[in-house]
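The following paragraphs lead the reader through a single protein chain, from its overall form to its interior. Please keep the sequence and the model in view while reading.

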Amino acid sequence: MNPPINAVLFPLFLKLYDKMRPDLRGRMEPFLGQVREFLVAQGVAVADVGLIATATDVRRAAAAAARADVVITLHLTYSPSLLVADTLQKLGKPILMLDTTKAEHFDETSGPADISENHGIHGVMDLASVLTGRGVPFEVVAGSLADPELAARLQVALRALKAAALFRDQRVGLTGRPFAGMGDFAVSFAELKKRFGVTVKDVPVARIIAAAKRVPAADVAAAVEADRVRYRLHNVEPEAHAAAVRDYLALSRLLAGEGMSAYSMNFQYVRRGLATPFYACSRLLSDGIGYAGEGDVLTALLGRPLNFLAGEAFFSEMFCPDWRGGTVFMAHMGESDPRFARADVQPVLAQKQPLLSDRVSVYHLAELGAREVTLVNLARDAGRGFRFVVAQADIVRFPLKLEFAMPHFKIRPRLPLANFLERYAGCGGGHHLYLATGDQRPAVATMARQLGLAYAEV
């Protein structure tokens, strides 16, 4: 279960009402309490800063916001935008405007007092207009607290805001260099640093080998034994299995020790003294670490936010179309995510002959369970620099074929296959992508707005 989202609530109130309607503060306090309870019920840890009507109130709220994941504004009444606009801009925190009112209805039975207590929507408009003019991203979720759809949309928006923050400022480990000539994920690391605060750290083969020598033998033996219980071993040499486990433990601890949330490796740079670490990369995927093959740092950045949103998300690639069946055969060289395996079919550990390395590799094979997924690709965009390309699909049953010698499964796009492939390519989708459990399209669209990226839905 994900930890609660930490929010500071900015309940905005017009100071002038303290003279015009001295009773209004007290009359709005019960509604403010209802909003707090509503947010808590949605998994939000709410910092209480009191009503905000003056510059002093704003400074107090800003101090609390420094520790929050998101700022939620609530217009209890109209409140002039410039009271808080500068502060919200300087804080640089994700902003969500909760556009709701005390009364669920305003009709012929409403009286003059109801106007004073239910007119905050034009305060939302004032603030939204100002922030838009300044290029400050925000999200608005509007509706009655009594409407279940409001709660659902709020949860999507809040989680997407945090996912956008998780996309930023990542540290990515890289073994080798990006695959030469693969242009759809070619991006300078300096650009990633400038745009998203991403740091790419070299993890050379020699360092993995050295770290593996320090892994205690007892840790390796315990992990090997656990594998023997979970997996069916297919022609796996004990020495190769132990080495694969040792390399995973070394790489996992190395990444954790340096605060890295993602990793990529290019097999062309793994040649002597280390097997191509397919086993390790698959285990990292199942740990929720972002990963993409061939030195694709760009796609690896999707792992952390999408695992937060979906609970389970992993890297793969579209390989072969089944025109008659309307499906796509998905595969990659040796990486997969054991979390997606069918519970009723025992997964396999198999051995792959050396690619360019001088050692054999161990890799995971599994028949994947049927589930709805969202395909997410991060591509270049001529206007905004980068673009999310997103589509719905379903993982469908497909038998495990050991002779393919690579992890594989099938998806069925929600569109006819020819239309899907035309539209995916037309949107500029690249050949590496992530599959996230469930329908994550609204959340990814919100992420795009927060990150200033383009968004294309197939």
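Does Cys427 count as buried or exposed, and at what relative accessibility? The model examined here is a predicted one, and in it Cys427 has a relative accessibility of 17%. Residues under 20% are classed as buried, and Cys427 therefore counts as buried. Cys281 is likewise assigned to the buried class, because its relative accessibility is 0%. As for cysteine pairing, a search of the whole structure finds zero disulfides.

These two cysteines lead to the chain as a whole. The chain comprises 458 residues, of which 54% count as buried. Its secondary structure consists of 16 helices and 19 strands. Measured out along its principal axes, the C-alpha trace spans about 80 × 50 × 45 Å. When contacts with a separation of 6 or more are considered, 79% of them join residues that are 24 or more positions apart in the chain.

The nonpolar interior may be considered next. The largest nonpolar core contains 103 residues. Within this core, the members that touch the most other members are Leu192, Tyr263, Leu306, Leu375, Phe388, Ile411 and Leu435. Helix α11, which covers residues 238-257, supplies the largest share of the core, namely ten residues. Another core, of 29 residues, lies apart from the largest one. Val44, Leu98, Val141 and Leu154 are among the residues of this other core.

There remains the question of enclosed space. Rolling a probe the size of a water molecule over the atoms reveals where empty space is left. How many cavities of 30 Å³ or more does the structure hold? The structure holds one such cavity. The space within the largest cavity amounts to about 130 Å³. Its lining is formed by 20 residues, and those that lie nearest its centre are Ser336, Asp337, Leu368, Pro407 and His408.

Three strands give two or more residues each to this lining: β11 (313-322), β14 (361-365) and β17 (408-413). Of these, β11 provides the largest share, with three residues. The lining can also be described by residue class: twelve of its residues are nonpolar, five are polar and three are charged.

Technical notes
Residues are numbered from 1 along each chain as its sequence is written. This is a predicted model: local features need pLDDT of at least 70, side-chain atom pairs count only at pLDDT 80 or more; totals for chains, interfaces and linings use all residues. Side-chain values use heavy atoms; hydrogens and water are left out. A nonpolar core is a set of buried Ala, Val, Leu, Ile, Met, Phe, Trp, Tyr and Cys residues joined through side-chain atoms within 4.5 Å. Buried means under 20% relative accessible area, exposed over 50%, partly exposed in between (1.4 Å probe, protein chains only). Helices (H or I, at least four residues) and strands (E, at least two) are DSSP runs, numbered from the N terminus. On a 1 Å grid over the protein atoms alone, a cavity is a set of points where a 1.4 Å probe fits but cannot get out, and a pocket is an open set with protein on both sides within 12 Å along at least five of seven lines; lining residues have an atom within 4 Å of a point. Grid points are joined across faces, edges and corners, and a volume is the space filled by probe spheres set on the points. Ala, Val, Leu, Ile, Met, Phe, Trp, Tyr, Cys and Pro count as nonpolar, Asp, Glu, Lys and Arg as charged, and the others, Gly among them, as polar. A disulfide is a pair of cysteine sulfur atoms within 2.5 Å. Contact means heavy atoms within 4.5 Å.
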